[in-house]
Every structure is written in structure tokens, then in C-alpha cells.
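Me: I'm new to this structure and would love a close look at one part of it. Could you pick a strand, walk me through its surroundings, and then show me how that part fits into the rest?

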Number of protein chains: 2
Amino acid sequence: MKSRDGSDLWPFFEPSSVAVFGSLRDGMGLGYTLIKNILDFGFTGRLYPVNPSYNEVLGMKTYPAVSEIADPVDLAVVMTPPPTVPTIIEQCAQKGVKAVVIVSENFADAGGEGARLQQQLVDITTQNVIRIMGPNTVGVFNAANGFTTIPYPFGYNKIRKGCIAYCSQTGIVLPECQPLEDRAYPVSKMCDVGNKCDVNEVDLLNYLADDPETRVVAIHLEDVKDGRSFMKAARRLAAGKPLFVLKTARSAAGARASASHTGSLAVNDRIYGDAIRQAGAIRVSTWQEFWDIPKVFAYYPLPPGNRIAVISHSGGAGVMATDLVEESGLAIAKYSDATLTRLANLSPRLAKNPIDLGPPLSVVEDPMSMQEEVILAVFNDDNVDCATIVLYVGTMAPTSYIVEMFDRILKRVSKPITVWFYGTKLPLVEEVSRQLEELGIATFTDQETAVKALGALVRYSKFRRDLE
Amino acid sequence: MKSRDGSDLWPFFEPSSVAVFGSLRDGMGLGYTLIKNILDFGFTGRLYPVNPSYNEVLGMKTYPAVSEIADPVDLAVVMTPPPTVPTIIEQCAQKGVKAVVIVSENFADAGGEGARLQQQLVDITTQNVIRIMGPNTVGVFNAANGFTTIPYPFGYNKIRKGCIAYCSQTGIVLPECQPLEDRAYPVSKMCDVGNKCDVNEVDLLNYLADDPETRVVAIHLEDVKDGRSFMKAARRLAAGKPLFVLKTARSAAGARASASHTGSLAVNDRIYGDAIRQAGAIRVSTWQEFWDIPKVFAYYPLPPGNRIAVISHSGGAGVMATDLVEESGLAIAKYSDATLTRLANLSPRLAKNPIDLGPPLSVVEDPMSMQEEVILAVFNDDNVDCATIVLYVGTMAPTSYIVEMFDRILKRVSKPITVWFYGTKLPLVEEVSRQLEELGIATFTDQETAVKALGALVRYSKFRRDLE
């Protein structure tokens, strides 16, 4: 019986020695690509390619079988045809390999013979201490030590190091599918648990609860193997770190579809909703929320209250943000008299919340400095807990100025702030957003998520205060 | 009393002669920029700059006052300081100018003296046949004749001509704020009604109901001036063309914010919701839905039923799409036996809905042709009314191939289809999406809207059938 407390998951993320089983075909084979990825990514542990058809790959000696490796092996990554996998895992168990990632698919996900093969894997891991991740997974990605088991080419070293762990039971979360570099998501670890024949969400949550590199966890799930253990693990994690859950396969048809691609079964969605809430975790409902809401928790301190300032270049967008404020459980902040005076001195039309910057900026000599003064006046108000800002970016509001302004603001105030940019040129919008992310300002591709994220932060802040 | 039937709105969109009031300062003044925009955009009517301080601008004679123009003037565009505006409008009325766009702000939107000035404008238009759009508006944009009243620089000729009218009571809808070119939105007309001292949503809906260039209408509203007239106009339009309404200022705080930037007052949001539904219009709830859902109505015929095919490169994304299918009132299509056989012959794992293309494509010699065969097999099935497709774009799935594939598919089947691309490189995702839009395939930046759009199309299709 495994402990499920996460303590034996370290070989997946922090192995000292890794055996790779798979095709070593030059430039093409999954084993070849994985070894190249690991080397490029800067991993400093030992690598052992295992393949009886080769003597050498990428300047490394290859081994005909895992038993031929003299040194201890922490992790094996297996990318061979399904019928060969159980024997390989048995040999790994005999060798004392601590953990295995099985990338190969066509197990329970394919049904029939595949399901029978997966049961063999379950039997092996039940009878041995060896832990198995997968099958049908791309495994792990660890920004801290430059290790990954993902056998697809990608510039893994370009991913921004950060404190968010993004986990999933499907491959679409992997760096090879998502704009991690273009959006500068701050990542600590990533993990795809695949068919979950052994390692599942419970192990993972327990491991991440204790991981010093990870301060925020976002997990995508189609099913949960053991509801009671999940609740316990989620509650433990959420008490110390914000936990986001994107639970899909919500509908009956979605659950059937899930069963046919990961071999899992689903239960009534309301049960999941209640469990997630009771655990103190935060349920997100879209792919975009899954990626973007955790950033706010990674960048900012928890706010003491729910009073928000809304600042916009467009009166219409300010109104939209204000609707979302009420719908997200936030309250429009009432500025102090000192702030109102400071704003009114800049322009009488500015002394309110939401602030429509458009008309006042259009009639002053130096709109950029007025904008900065407004944002600082509002941020420094003790009646303001957080802010959402809607800004135009384009020829009349250059990227460099915006980035420098936020850099100066961040040096003076640290309150949660979300920004939604609009403009005619998507590359400009994306560039300014990426640069702000690198500063530590959370940007969003839509206004709804920009405001919802702050609502979630305020609710989690209250949850944590109530725990104390 | 104005007729409000839209018949006198043509001078705003299709004037033969236009007088421009505003600063003619070289390269800077709003009047100068507007005249340059109109010339660059290809407008072939007559232009009369009116400004006593100049004799000539951009090679054109200027006039000290509108009364000095010998020819008839259909439209005046006024961008002068608020206190000068009422006199200019009176002179325009005396000259017999049919319509005026007042771009100038600081009227009811600023309160106080501004509100008093706006009342003067109301009095003038009540006592004369002249129609006023604004104040506090950028006015109109007409892709068909190359005419606009927007006094901000932008490559207006780069906007794709199409059949969707996007209207708003705020400037953020204008081409100078939105990625119209990068996303290739198919636009017929745009209009910002601003403070609505005269022309309002009722006039506009009635005008667009009869506009042959417009087949789909999307309107953003913060308030409605006359509920009964709005219902009548919305019902008339929706009976012939799909009408989308983004009603903001939904919350009490949002309504107060709206009042302070457009001088309008709001009522209980539920009343709006009921009115929009009863009129047969479609309420959209986000800015992204406002822009993206109408495209589906512009590109495709109305489907006879709600049976959808889901095809994805990712099993996980297929499950998410399937959840959204049920939530959008669609039903997962049951393929015919012939289709199931055709799919099973390609790979046994393909003979289902949703289809997870990932595993089968990863093991065949020519994944691109298999993908195209799958899509065609499904599209040709009489049990399929529409489809949503999730595709990876990147080095392993080049843009050119994807675009050529959809071009071939469109030549053989015309059923509604929405596509959501994912990948590591945002510029690639945006480029392939833009190219597909130009072919007439609706693409989306998020999966939720991609599926919701088809749900809206199916509901509107039923609404139109029920009218017959």
C-alpha cells in the first residue's frame, strides 16, 4: 500500500539518474528527442539511454537493458510499444528504480487489450515500491532543475521560472501546446498524470503542498480516483497555498468522452463542486481562467478587504468593469477626501470611481504623467485594496512608456492590480502584456477574467484569515 | 417629431457632401485628421472644411462659415469647443444641412454647464428637421463607400468589408481601438451614438434593418431611451437579421458609472434581459462574445438542427468542448453507420463523437490527409448540423496546410463550423485564425465562445423557423 503522502514523488521531479526507454532514431525518435530536451534544458543528473539496437546516442553510451546499468537509477521514462511496457517496468522494479513515467499510450485510454496491459502495470506497482506515472502522459517539467520527461521538441529553457505549478490529466497543459513563453507564465513545475494507473491527483497535491518552489497550484481534472483522499489532500494544500481546480467532464456526454480518452469514470458534477469549495480550493470554469487567475496569487500579497479601484481609458470599458466588480463580490472603493482632492486638482472629472481617464487625458499637455499621478493617488489610498486597469496601447500610448510607468508604480505600492489592454495591433497588446508579466503585473486577454481574478483573491484572503 | 423609422439616417452613412468643423492644424487638428482619413479611405463625395482661420487645407478651399458653401450639404461633422457648438448647429439647420455628428465631448457626459449646452442641442433638433448624432461620439464608419467621421488616424481602408454592423454608445467599439485588421472582422458599418441627444439605438436599428449591406447587427448599449420603441425596432430587425445586444451598466454601480460618462440613466437589468429575449434578439455577455459570435451568423447558413460534431487534436480539449455542447443547448451528433464505418476504416479509435485525433494521427504516415478525411466524413453526414474543431498549430502542423485544407473542405460542404486553435506561438495562432476568417471560417480565441456561438446560431435558426 502506497502512502499517498507525496513523499515518494521526488524521483519524478528531482531524479539524480534517469533511464530512457524509447526509439533513439536520430532527430526523430521519442527517446532521442527526450534526451536532447533534457540536455538542452540544463539537467545535471546522469542519463542512461536504454535500447539494445544502439551503442551510442548523442555522445552517450547506451545500455541493452536496465539491469546493465551499474549505478542506481531514480527514474525511468518509457516510450516503447504497449506490449513491451510491463516487462520493462518489472525489470525496473527488480533493478530498484524508484519511479517510472510511461509516456506510451493505447492502454486504458484505448480499452480492450490496452486496459488488460494497464492492469498488469497496476499489479506491478501494487506488489512493488516502484511508483508509476501514466501511462498516456508526458510526465513532468521542473523549471528549478531543468528536468523534463516531455519527448517533444520545445525551447524548455525559455519558460519563465516562477512559483505556479500547472497540473493536468491531459497533455494539452504541456509547454509544447501552450504559449508559455509568449505569455510569460511564471512556472515552477508542470505535470500530466495521464491514465493515473498509480500516481494520481492525491499524490501530486500532497507533493506540491510541501514543494518549496511552488506557492500556487492549478490542477485540471476529469475525474478523481478517491474522493475522500482528494478532499484531505486538497484541504491540506489549500490551507497553505491557493489551489485552483478546473474540473471538466462536467456533463454526461463530457464524462463519456473522458472515459474514452483516459479510461476514467465520472460522477455527478455537483459533488465535485461541493468538495472543491469545502476543501477551500477555488474552482475555475474556463481554460483561460485556469491559466490566468493563479498569476494574481503568485504576484501579490493577499488584500485585507474587497474595495477595488477601476481606472480605464474608456468610459464604456469602465462601466463593463464595474458590472463585473459587483458580480465578483468586490465593492467599488470610496476614495478618501485627500485622494478625491488630489484627483480633482488634476481634473474635476477624475474625482470618482470608476475613473474614466479618456476625457481628461485628451486635453492635457502631458497625458502620460497625469495618468501615472492618477494611478498612484488611487493606489496610495488606504480605502483601496486592489485595482483593475483598462489601458489602450498603440501609437498614441507606446509600450515602453507603459512598462516604465508600471515599473515606477510597483516600486512605490504593492497592492493587487490586474490590467487589460486593448488596441488595434495584437502584437503590441501581447508585447506590452508580456513585459508587464515579467515585472510582476498580472495582465489578461479579457476583462472578465481580470476582475474575476481579484474577486477570487479577495475570497481566498478571507478564507485564510478565517483559518487563523 | 422625428419619425424614428431610420429613413432619415442615410446622410450620416451615405452623404454626398460633408462640412467639417474643427482644427485644421497640420497633421494634428481633429478637422485635419478627419479630412485626411476620409480622403485616404476613398470617399468620392464633396468635402467642405469650415474654419475662419484658414484659406486652404490639404489642397482644398476652406469656408469661414457653413452659410458660405454654395452647394447643398448633407452632413456636418463638428469637433469644436462645446460653447461654440449650438451656434454652429443652428447655422447648419438654417443652411438646410440634413444631419450633424457632434464629436466634441463635455456635454451631458460632464454634467453642469455641459448638460445645459446639450439641452440647447435637443431644442434645436426638436424645432428643426436636422438630425444630430452625439455629442461625445466618433460617429460612423461605412466600409461600402469609404466614409467615416472618425477623427483619429488609422488605416481605415485595411478593414475587411463584410456584412456585420457593430454599433455602440461608447468609443471603444471604434476601429482605432479594436484589432479589426488583425482579426479580419467582416464589417459593413460601425456607429457610436455617444450621448444620444437625438439619434439613438431605435433610429439605428430601424436604419440597419433596411440596410442592404448589413445582414447581422451587434449593438452595445448602456441604456435605452424609449423601451417601447426599442422593442418594436429590435423585433422588426431580429425578424429579418440576427441582432446581438451587449447590455452593460447591468449593476447599480455600473449604471451610476454609465450616467457619469454618457449622461444616461439605467433601469433594472432584468427588464432589459426580458425585452431583448422577447424581441428575438440575442443577448451576449462579454466583449469577446459581442465581437466573435456574430461572425458565425455572417458566414454560415442557419442549421436545421442542433446536432454537433466535436473534433480535437487533444482528448482533454474534446472533453471541455463536450461539456460546453450540453451547456449551449446543442447535442452530440450520432454519426450514421456509413460514417462510423468510414471513420473506423481510418482507425477504430476515430469512430465516435467527440473525435480525439491525437492518438490516431500520431501513428500514421500522413496525418494531414487522415485529418482531412475525418473532417470531411463527419461534415458529409446528414446527422451532423454543425461542428466545432480544436486544432494545434505549430511546427508540426504548419499554417499553410491548415488553410489549404479548410479551403478544400469549404468547397465541398457548407455547414456551420467554429475553430479554436492552440499552440505555443501566439503570432502563429493569430495568423492561421486570420487567414481562416478571410476564407469565411469562424475562429475563436477561446473554446467557450466557439461552442456558444453555435448554440446561439441553432437557437436563432429555430426562432426564424417558428416565425414562418
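Reply: Here is a walk that starts at one strand and moves outward from there.

Please keep in mind that this is a predicted model. Our starting point is strand β19 of chain A, which covers residues 417-422. Is this strand enclosed or open to the outside? All 6 of its 6 residues are buried, so β19(A) is largely enclosed by the rest of the structure. The side chains split into two groups: Ile417(A), Val419(A) and Phe421(A) point one way, while Thr418(A), Trp420(A) and Tyr422(A) point the other way. Both groups are buried.

Now look at what lies beside the strand. Strand β18 of chain A, residues 386-392, runs parallel to β19(A), and 6 bridges join the two. To find this pairing on your screen, look for Ala387(A), which stands opposite Ile417(A) of β19(A). Strand β20 of chain A, residues 442-444, also pairs with β19(A) in the parallel sense, here over 3 bridges. A good landmark for that pairing is Val419(A), which stands opposite Thr443(A) in β20(A). How does the chain get from β19(A) to β20(A)? It passes through helix α16 of chain A, residues 426-439, and this β-α-β crossover is right-handed.

Helix α16(A) covers residues 426-439, and another helix can be explored from a single residue. Thr399(A) belongs to helix α15 of chain A, which spans residues 399-412. With a relative accessible area of 12%, below the 20% limit for being buried, Thr399(A) counts as buried. Apart from residues up to four places away in sequence, Thr399(A) touches Val393(A), Leu428(A), Glu431(A), Val432(A) and Gln435(A).

Next comes the place where the two chains meet. Chain A and chain B each bring 61 residues to the contact. The area buried between them is about 4900 Å², and carbon and sulfur atoms give 56% of it. There are 6 salt bridges between chain A and chain B. In one of these, Arg349(B) is joined to Asp109(A), with the closest N and O atoms 3.5 Å apart. Across the interface there are also 26 residue pairs in polar contact, counting pairs with both residues at pLDDT 80 or more. Which elements of chain A supply at least two residues each to the side that touches chain B? They are α5 (180-183), α8 (252-262), α11 (315-327), α13 (358-362), and two elements you have already met, β19 and α16. The largest share comes from α11(A), with 10 residues.

A similar arrangement can be followed around strand β6 of chain A, residues 99-102. In β6(A), Ala99(A) and Val101(A) point one way and Val100(A) and Ile102(A) the other way, and all are buried. Strand β5 of chain A, residues 75-78, runs parallel to β6(A) and is joined to it by 4 bridges. Within that pairing, Leu75(A) has Ala99(A) as its bridge partner. The chain travels from β5(A) to β6(A) by way of helix α3 of chain A, residues 85-95, in a right-handed β-α-β crossover. Strand β7 of chain A, residues 131-133, is also parallel to β6(A), with 3 bridges between them. There, Val101(A) has Met133(A) as its bridge partner. The chain goes from β6(A) to β7(A) through helix α4 of chain A, residues 113-127, and this crossover is right-handed too.

Elsewhere in chain A you can trace an open sheet of 7 strands with mixed pairing, in the order β9-β8-β11-β10-β12-β13-β14. Its edge strands are β9 (147-148) and β14 (282-283), each of which pairs on one side only. Inside this sheet, β10(A), residues 161-168, and β12(A), residues 216-221, run parallel and are joined by 4 bridges. Ile164(A) stands opposite Val216(A) in β12(A).

To finish, here are two residues to find in chain B. Ser168(B) sits in strand β10 of chain B, residues 161-168, and counts as buried at 1% relative accessibility. Leaving out neighbours within four places in sequence, its contacts are Val173(B), Cys191(B), Asp192(B), Val193(B) and His220(B). Gln120(B), in helix α4 of chain B, residues 113-127, is partly exposed at 29% relative accessibility. From Gln120(B) to Lys161(B) is 41 residues in sequence and 38 Å in space, C-alpha to C-alpha.

Technical notes: Residues numbered from 1 in each chain as written. Chains lettered and ligands numbered in written order. Predicted model: local features only at pLDDT ≥ 70, side-chain atom pairs only at ≥ 80, totals over all residues. Heavy atoms only, no water. Buried < 20%, exposed > 50% of the residue type's maximum accessible area, 1.4 Å probe, protein only. Pairing = 2+ DSSP bridges. Right-handed = clockwise from strand over helix to strand, strands pointing away. Contact = heavy atoms within 4.5 Å. Buried area = accessible area lost by both parts, 1.4 Å probe. Salt bridge = Lys/Arg side-chain N within 4 Å of Asp/Glu carboxyl O. Polar contact = N/O pair within 3.5 Å; in protein donor to acceptor, adjacent residues only side chain to side chain.
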